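Student: Could you take me through the surroundings of the ligand in this model? I would like a close look at that one part, with whatever helps to place it in the fold.

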Amino acid sequence: MLTVIAGLVAAVLVFFFIHGVWTSSSLARRGLREPPGPRPRFLIGNLLDVPTKDAHIAYAELAQKYGPVMQFKLPAQNMVFLSSAKAVSDLLEKRGSVYSDRPAFPMPELMGWGWNLTFKRHDESWRIRRRILHHNLHIGANAKHAGLQTHTALVFAQQLLESPGQFVEHIRRSAAANIMRMTYGLDIALKDDPLVKVAEVAMDSLPLPGTYLVDLVPALKYVPWWFPGAGFKRDAMRWTEYPKALINMPFERVKRDMELGTAQHSVVADALSQGASEDWATIVKEAAAVMYLGGSDTTVSTLMTFSLGMIKHTDVQRKAQEELDRVVGTDRLPTFEDRESLPYIEAIIREAYRMLPVLPLGLPHAAEQDDEYEGMLIRKGTSVFANIWAILHDPVVYPDPEVFRPERFLKDGRIDTNIPDPRTHHFGFGRRVCPGKHFADTTVYITIATILACFNISTAVENGVEVPPSGKVHHGLVSTPERFECTIEPRSTRVRSLIVDALDSEY
Ligand code: HEM
């Protein structure tokens with residue numbers, strides 16, 4: 001049976017080889033060229049050139065040689081990597097009608113993640129779910145979440161007072177609490193909440209696209225599960241229960257609460273009250289679940305990058321605290337109304353986004369038709385990646401890109417509008433741009449401002465010896481600084497009462 005699979009793979013490779021030879025000559029006839037890239041090998045194309053570690057850095061280095069539009073040819077598809085702000089804007093932003101599709105992700109689909117709008121093609125099913133997210137998260141709608149975000153930041157600060165050693169757990173809980181409350185109106189426990197557990201297990205089960213051969217040779221998805229060598233199908237069948245639990249558990253809780261008349265105001269409760277059909281309920285359920293997926297680990301990562309910056313650069317921390325003390329004073333905690341008057345905090349947020357993009361290669365867009373760009377042909381079906389990391393680490397735009405230096409965004413004590421705002425790239429592009437970007441950004445602001453107003457963050461000390469963070473980054477579905485310990489101490493004896501007073505008055 002293994003030989004059948006090998007035969008199938010070989011047939012696919014031969015087909016793409018013949019196709020490749022035929023199309024190169026047709027390209028020349030049209031006066032176009034393929035985007036440059038490493039020379040493809042016979043049958044397997046650039047399969048062996050695909051970097052296995054720190055791919056964003058490896059692609060950025062290759063782009064020095066091949067240019068800002070670089071192509072890798074794989075047996076079943078082409079991949080194009082865009083490494084300049086111009087190419088990204090020209091293609092993913094300005095040609096949104098061409099580049100808003102996603103490549104097929106066979107393995108996640110086999111595992112029961114087909115409902116996830118992040119992986120959906122550019123079709124009506126995606127549009128209708130995305131509309132629900134947009135309705136609740138666009139810049140105007142986002143303002144109504146300010147009370148929730150402030151409350152969550154205060155609870156986070158309170159938890160840091162009680163158990164500063166569990167700082168990472170508190171960040172995770174805080175991101176989850178915001179999303180669960182906004183989406184489902186559910187308040188999660190301070191520790192070990194079962195809904196959060198279910199969501200975390202489900203997210204851990206989601207494989208990185210490309211991990212399985214079937215993602216590179218999609219025809220393999222037709223191999224029956226009982227075939228020897230079709231272990232991926234059996235893996236997929238085993239794991240379908242996780243995404244099912246993720247979408248069903250919190251949703252059923254809201255429905256029950258609605259029946260009992262105890263449901264809190266939430267995205268799901270509001271949307272369900274707008275339609276009674278089964279189809280609508282399914283759409284709402286699926287759109288809601290994607291909020292947790294999209295908004296939890298991403299926000300955690302940015303807050304971890306910020307914390308790392310504070311530990312390594314205590315001078316930056318002091319300057320931010322001086323600004324807070326000057327603008328907000330020491331009798332209350334910062335609010336959203338203060339944001340405009342806190343340029344140094346704003347610069348820190350921008351620097352955290354720039355330093356470690358949560359998705360260094362973004363999520364792949366796919367070309368819906370053949371497209372010509374600067375004499376190159378980008379073929380229909382090509383997966384197009386924006387190398388966000390390369391753009392945000394361009395030394396011409398951001399000198400000494402490896403240094404955490406918020407001052408790069410400031411001029412005469414104000415935000416320098418000549419320096420590109422990393423948010424333009426950090427949250428993706430065009431019609432696929434992150435729908436949660438305003439929610440994420442306001443969460444990040446209020447959390448950072450609250451922490452800096454209340455605490456000093458410094459290197460962990462164990463048995464009298466400083467234990468600095470490794471500074472290493474874990475690249476999974478999202479990129480996050482590796483877990484590190486730190487010392488978190490209240491800035492004054494008044495911090496506890498400031499938090500309690502703010503909690504009493506804010507929410
Ligand atoms: C710091 C936090 C966040 C970062 C850095 C981030 C970043 C991104 C990026 C780079 C993309 C890919 C965009 C593209 O394809 O061009 C994306 C997509 C997405 N994000 Fe976020 N995100 C964050 C928070 C959130 C939040 C809070 C939510 C929801 C509440 C969310 C929901 C989504 C969804 C649903 C998509 C898929 C959009 C689509 O395919 O149409 N994200 N995000």
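Tutor: Happy to! Let's start with a polar side-chain atom of R102, which lies 2.8 Å from an oxygen atom of the ligand. Please keep in mind that this is a predicted model, so every distance here is computed from predicted coordinates. R130 offers a similar kind of pair: an N or O atom in the R130 side chain is 2.8 Å from a ligand oxygen atom. With F429 the backbone takes part, as one of the polar backbone atoms of F429 is 2.9 Å from an oxygen atom of the ligand.

Now for the shell as a whole. There are 28 residues around the ligand, and those that come nearest are W126, R130, H365, R432 and C434. R130 therefore turns up twice, once among these nearest residues and once in a polar pair with a ligand oxygen atom. Sorted by class, the shell has 15 nonpolar residues, ten polar ones and three charged ones.

Which helices supply at least two residues of the shell each? They are α5 (124–137), α14 (278–312) and α19 (437–454). Of the elements that contribute, α14 gives the largest share, with seven residues.

Helix α14 also leads outward from the ligand. The buried residues of helix α4 pack against α14, and also against α9 (194–205), α10 (213–216), α11 (231–239) and α12 (241–260). Those buried residues of α4 (residues 106–113) are P106, M107, P108, M111 and W113.

H365 points to another part of the fold, the sheet. Four strands form an open sheet with mixed pairing, in the order β1-β2-β6-β3. β1 (69–73) and β3 (365–366) stand at its edges with a single partner strand each, so one side of each has no neighbour in the sheet. Further in, β2 (residues 78–82) and β6 (residues 383–386) pair in the parallel sense over four bridges, and V80 has V384 as its bridge partner in β6.

Two helices lie across these strands. Helix α3 (residues 85–93) lies across β1, β2, β3 and β6 and runs at about 125 degrees to β2. Helix α2 (residues 55–66) lies across β1 and β2, at about 110 degrees to β1.

Definitions and conventions: Residues are numbered from 1 along each chain as its sequence is written. This is a predicted model: local features need pLDDT of at least 70, side-chain atom pairs count only at pLDDT 80 or more; totals for chains, interfaces and linings use all residues. Side-chain values use heavy atoms; hydrogens and water are left out. A residue is near a molecule or strand if one of its heavy atoms lies within 4 Å of it. A polar contact is a pair of N or O atoms within 3.5 Å; within protein, one must be able to donate a hydrogen and the other to accept it, and residues adjacent in sequence count only if both atoms are side-chain atoms. Ala, Val, Leu, Ile, Met, Phe, Trp, Tyr, Cys and Pro count as nonpolar, Asp, Glu, Lys and Arg as charged, and the others, Gly among them, as polar. Two strands pair if DSSP finds at least two bridges between them. Contact means heavy atoms within 4.5 Å. Axes are lines fitted to C-alpha atoms, for helices over the stretch in contact, and angles run from 0 to 180 degrees between N-to-C directions. Buried means under 20% relative accessible area, exposed over 50%, partly exposed in between (1.4 Å probe, protein chains only).
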